[in-house]
Every structure is written in structure tokens, then in C-alpha cells.
Amino acid sequence: MTSAAFAPTVSPALPIPLRDIVPWAIFAGLLCLLAIYFVGAEEGATSIIHGMYVHEWVHDGRHLLGFPCH
């Protein structure tokens, strides 16, 4: 039996148009800003949500990222 060796064909990577990336980049940026707000500033005078619930949920992450809270 003989077997022929075939080289795999590799198709070139197609560039993604910028107009397809920008909306997702803006969405990801807004999510990051929201996460930074909740971890870093959701307490005291700037609090959007009443009480300390969000503060307690993100307390360990706050220390891990270096935000002071007490």
C-alpha cells in the first residue's frame, strides 16, 4: 500500500473591518468602567445603590485590586 502525503492548505487570515470591532470595543469598555465603579467607588456619597450590599459583595476584589475601603 502506498499513501500520498498531502500538505494541509492554510487559508490566509482575513482582516476584521474596524466597523465590526468598534461597537464591541465600546461595549467592553463600558462594562469595564461599570466593574471599576462597583469595585472602587460604590460606597458613601457616590453610591447609586442604597446600603452596603454591593460593597460587601466586592470587598475582597477591592482589596485584591488595591482599592482602600477601611
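**Group meeting: a three-helix model**

Okay, let's start with the surface. The protein has an accessible surface of about 6,300 Å², and 73% of that belongs to carbon and sulfur atoms. Keep in mind that this is a predicted model. The mean pLDDT is 79, with 83% of the residues reaching 70 or more.

So what's the fold made of? There are 3 helices and 0 strands, and reading from the N terminus the elements go α-α-α. Where is the confidence highest, and where is it lowest? It's highest in α1, at 90, and lowest in helix α2, residues 53–57, where the mean is 73.

How much of this thing is buried? Of the 70 residues, 13% count as buried. And if you take the contacts between residues at least 6 apart in sequence, 22% of them join residues at least 24 apart.

Now let's zoom in on helix α1, which covers residues 18–40. I searched the whole structure for aromatic pairs, and the search finds 1. That pair is W24 with F27, and the arrangement is edge-to-face. If you haven't looked at ring pairs for a while, you describe one by the distance of the centres and the angle of the planes. Here, that's 6.2 Å centre to centre, with 85 degrees between the planes. The angle is over 60 degrees, so the pair counts as edge-to-face.

How are the two residues placed along the helix? W24 and F27 sit 3 residues apart in α1, so about one helical turn separates them. And are they buried or exposed? W24 counts as exposed because its relative accessibility is 61%. F27 has a relative accessible area of 45%, so F27 is partly exposed.

Still on the surface, there's a nonpolar patch to point out. I16, L18, I21, V22, I26, L30 and L33 make it, and it comes to about 690 Å². One of those residues, I26, is found in helix α1, so if you have the structure open, try finding the patch from there.

Last stop, helix α2, where H55 is found. Is H55 buried or exposed? H55 counts as buried, because its relative accessibility is 5%. As for its surroundings, take G40: H55 and G40 are 15 residues apart in sequence, and their C-alpha atoms are 9.0 Å apart in space. Do remember that α2 is where confidence is lowest, at that mean of 73.

That's my tour. Happy to take questions.

Notes:
Residues are numbered from 1 along each chain as its sequence is written. This is a predicted model: local features need pLDDT of at least 70, side-chain atom pairs count only at pLDDT 80 or more; totals for chains, interfaces and linings use all residues. Side-chain values use heavy atoms; hydrogens and water are left out. Rings of Phe, Tyr and Trp (its six-membered ring) pair if their centres lie within 6.5 Å; planes under 30 degrees apart count as stacked, over 60 as edge-to-face and the rest as tilted. Helices (H or I, at least four residues) and strands (E, at least two) are DSSP runs, numbered from the N terminus. Buried means under 20% relative accessible area, exposed over 50%, partly exposed in between (1.4 Å probe, protein chains only). Patches are made of residues with over 30% relative accessible area and no salt bridge: like charges are joined within 9 Å, nonpolar side chains (Val, Leu, Ile, Met, Phe, Trp, Tyr) within 5 Å. Accessible areas come from the Shrake-Rupley method with a 1.4 Å probe; for residues, only the protein chains shown count as cover. A salt bridge is a side-chain nitrogen of Lys or Arg within 4 Å of a carboxyl oxygen of Asp or Glu. Contact means heavy atoms within 4.5 Å. pLDDT is the predictor's confidence in each residue, from 0 to 100.
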